[in-house]
Every structure is written in structure tokens, then in C-alpha cells.
Amino acid sequence: MTTASATPLPAMRLRELVFGAACAAALRAAARLGVADALGETPVTAAELAAEVKAQPRALKRLLRALTCYGIFEEDKEGRFVHTEMSRLLRKDDPHSLRDISLWCTEPWTWDAWPLLDQAVRTGGSVFGDLYGKEFFDYLHADAPESAQVFNRAMTTSSMQSARDVAEVLDLGGAKTVADIGGGQGHVLAGLLEKHPHIRGTLLDLPRVVAAADPRLLEGGSLADRAEIVPGDCREAMPVAADLYVIKNILEWDDESTRRTLSNVMAAASPGARVVVIENLVDDTPSMTFTTSMDLLLLLNVGGAKHTRESMISRMTESGLVVGDVRPVNAYLHLFDSVVPG
């Protein structure tokens with residue numbers, strides 16, 4: 001006679017892992033159906049929820065039952081469902097919502113790309129051209145506009161959430177001007193300008209990106225008088241002079257893009273200027289499971305890679321920067337503080 005173990009046996013655990021796609025698909029389905037938004041503070045049955053989200057009751061119960069195995073929703077003794085801390089993160093109105101990020105990580109193209117991971121590992125490059133005949137972002141904007149919108153919402157959500165942490169952690173010292181390089185819609189810059197009313201800032205990113213900049217930075221916005229928006233590609237040129245350059249989550253596409261971006265910063269910056277690089281790491285971080293997964297997804301879609309602490313320091317040092325303090329911003333980001341030598 002055998003007894004059940006509190007810890008899953010290796011074979012049981014491996015069976016669970018090979019069905020990881022089922023968990024991802026269940027999360028995506030719940031997000032698209034709006035189950036977390038429909039569930040309030042009162043326990044309800046699957047049938048009641050099904051009426052709210054226009055789903056078949058029995059099928060919805062099966063979906064919810066699967067998600068409870070991962071701590072997403074909980075079923076009480078009466079067979080009613082209630083929220084958990086994780087399920088609340090699928091709500092649109094939660095301040096820490098991960099709904100759009102959950103959708104982005106499970107977009108239709110991901111299901112085509114993951115099975116080709118062995119090919120990407122053999123070649124060390126993206127599989128996207130073989131799949132769709134186009135580079136990743138060209139495909140998104142030309143052939144998958146809905147996915148491009150999900151990407152934009154996910155990046156906006158992630159940027160807004162991390163911007164608060166960056167503003168809290170980053171000491172501007174004696175800087176009077178700060179430049180947010182490849183800063184997307186400028187949430188980090190806006191957060192820094194709000195916290196430090198004595199500084200001026202510049203946002204540099206692609207024209208179509210800065211066209212949708214944070215309203216606080218645009219004409220008529222609360223920070224517009226201290227903000228300049230410069231359309232451009234930091235890999236091609238750096239038409240920005242500042243005391244402090246912030247480069248967040250853009251040095252992961254490929255080594256050549258990283259080299260050109262840092263080289264352009266070095267050419268534009270004066271001796272003594274600070275360059276702060278903020279990145280997800282695949283080592284020495286509480287979020288390694290998530291970050292290493294994103295690292296593999298980067299390999300698949302653009303041939304890029306997340307950095308280790310050592311590789312990031314190496315790239316910065318090779319560009320001529322003198323790297324000083326390295327410290328966490330939060331569980332997902334590390335800050336590399338450096339200076340242009342004089």
C-alpha cells in the first residue's frame with residue numbers, strides 16, 4: 001500500500017510541467033472572458049459567473065477548477081468561487097493588474113513559436129522570419145494589429161508600475177537635466193520630473209512611440225514646461241545632452257544594438273555625466289523563473305537575450321563607461337549606475 005506524499009514525486013511534477021501550456025491557456029481564457037472582473041467580493045457559483053461572462057456553466061467550472069490548482073481563484077465548501085491575491089491581478093481595475101501582460105505572454109504567435117525553441121537553441125537566432133516571413137515588429141504592426149495593441153498596453157502597464165519604483169530608488173544627485181533614452185511613453189521620466197521639481201527632462205524614442213507619450217509630458221500637460229520630446233532611434237543617433245541618462249529595458253535585443261546605443265550615449269555625453277541602465281536579469285534575482293522565460297521568448301521572437309549581472313557590466317565597460325553601484329529596483333529590475341570618464 002502506498003501513501004500520498006506532501007511533496008510531488010519527480011514523475012508527478014514533470015507531468016505537471018509538460019502541461020504548462022494548459023495553465024497559460026487557462027489564464028488567457030480567464031483574462032479574455034473577464035472572469036476576474038465579473039467576480040466580486042461575494043462567493044458565487046460557476047453558473048452565476050457564467051451568466052455574467054456569457055460562457056457555458058459546466059465548461060467555465062472546469063476552467064475555474066484548473067485555475068484553483070495554481071492558486072488562481074478558490075472554491076469554497078459550498079462549491080462557490082472567490083478571489084485570491086493572484087486572481088485579483090487579472091482584474092482590469094487592480095492597480096497592480098497583470099491582465100495585459102498575461103495576454104501578451106500568451107498571444108497567438110507565441111503558440112507558433114514555442115515549439116521551435118529547439119531550432120532557436122541550435123542556431124542561436126530568432127525563428128520569426130521562418131514562421132511569418134517578416135521580422136517580429138514588422139509582423140505585429142502589419143499583420144497582427146490586435147496583438148500590437150496588447151503589446152502596447154502590456155508595456156504601458158509594466159512601465160507605469162516600475163516607474164514608481166525607479167523614481168523612489170534613483171538618486172539624481174546634482175543633476176539638472178535627465179534624458180530617458182528609448183523611454184517609450186515616458187512614464188519613468190514623468191515620475192522623475194514629478195518627484196524632482198528642479199530638473200528638466202528629455203524623452204527620446206521612435207516617432208510612433210513618443211506620439212503617444214504620457215499626457216503629463218505633452219503640450220498642456222502638467223510637466224510639459226520641463227519636458228522635451230525628441231523623436232529618434234537611439235541605435236542610430238543620440239541628439240540629446242543631459243547630466244543623467246536613463247536607459248531602461250532596451251539593451252536586450254542583440255549585442256550590436258546594445259553596442260551602438262551605448263556608443264551613441266558616450267559620443268553625446270560630457271565627461272562626468274551619469275548613465276543609469278535598468279534591466280531584468282537572469283541571475284541573482286527573485287524573479288528568475290519569469291525572467292528566464294522571457295529570455296527564451298526574446299530568443300524566439302527577436303533573437304535577443306536578457307542579461308546577467310556580469311554581461312551587463314561587461315557591455316557597459318566595453319563602451320567606456322565606469323560602472324559603480326549595482327542594486328535592485330524591485331524583484332524584477334536591477335539598476336547599474338555608471339559614469340562617463342573625464
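1. On the surface of this predicted model, a patch of positive charge is formed where R58, K61, R62 and R65 gather. One member of that patch, K61, has its place in helix 5, which covers residues 57-68. The relative accessibility of K61 is 37%, and K61 therefore counts as partly exposed.

2. Salt bridges deserve a careful look, since the count for the model comes to 21. One of them joins R80 to D76, with the closest N and O atoms 3.1 Å apart. R80 has a relative accessibility of 30% and so counts as partly exposed. Its partner D76 is also partly exposed, because its relative accessible area is 21% and the buried class ends under 20%.

3. Which residue does R153 meet in a salt bridge? The partner is D100, and the closest N and O atoms of the pair are 3.3 Å apart. This pair links distant parts of the chain, given that R153 belongs to helix 12 while D100 belongs to helix 7 (residues 99-104), with their positions 53 residues apart in sequence. As for exposure, R153 is partly exposed, with a relative accessible area of 36%, whereas D100, at 15% relative accessibility, counts as buried because it falls under the 20% limit.

4. A further salt bridge brings together the side chains of D233 and R235, at a distance of 3.0 Å from N to O. Of this pair, R235 is partly exposed, its relative accessible area being 30%. Salt bridges also occur as a network, in which E236, E256, R259 and R260 are linked.

5. Helix 12, already named for R153, spans residues 145-169 and also holds S162. Is S162 buried or exposed? S162 is buried, because its relative accessible area is 6%, which lies under the 20% cut-off. When its neighbours within four places in sequence are left aside, S162 is in contact with K248 and L333. A reader who wishes to place S162 against another part of the chain may turn to V276, which is 114 residues away in sequence and 15 Å away in space, taken from C-alpha to C-alpha.

6. H196 offers a loop position to set beside these helical ones, as H196 is found between helix 13 (187-195) and strand 4 (200-205). Although H196 sits in a loop, H196 is buried, with a relative accessible area of 14%. That value gives the class directly, because buried means under 20% relative accessible area. Not counting residues up to four places away in sequence, H196 touches L170, L172 and R226.

7. Where does A21 lie? A21 is part of helix 2, which runs over residues 20-33. The relative accessibility of A21 is 41%, so that A21 counts as partly exposed, a class that lies between 20% and 50%. Along the chain, A21 and W111 are 90 residues apart, yet their C-alpha atoms are separated by 8.9 Å.

Notes: Residues numbered from 1 in each chain as written. Predicted model: local features only at pLDDT ≥ 70, side-chain atom pairs only at ≥ 80, totals over all residues. Heavy atoms only, no water. Patch = residues over 30% accessible without salt bridge, like charges linked within 9 Å, V, L, I, M, F, W, Y side chains within 5 Å. Areas by Shrake-Rupley, 256 points an atom, 1.4 Å probe, with all protein chains shown as cover. Salt bridge = Lys/Arg side-chain N within 4 Å of Asp/Glu carboxyl O. Lys, Arg positive; Asp, Glu negative; His and termini not counted. Charge placed at Lys NZ, Arg CZ, Asp CG, Glu CD. Helix = DSSP H or I, 4+ residues; strand = E, 2+ residues; numbered from the N terminus. Buried < 20%, exposed > 50% of the residue type's maximum accessible area, 1.4 Å probe, protein only. Contact = heavy atoms within 4.5 Å.
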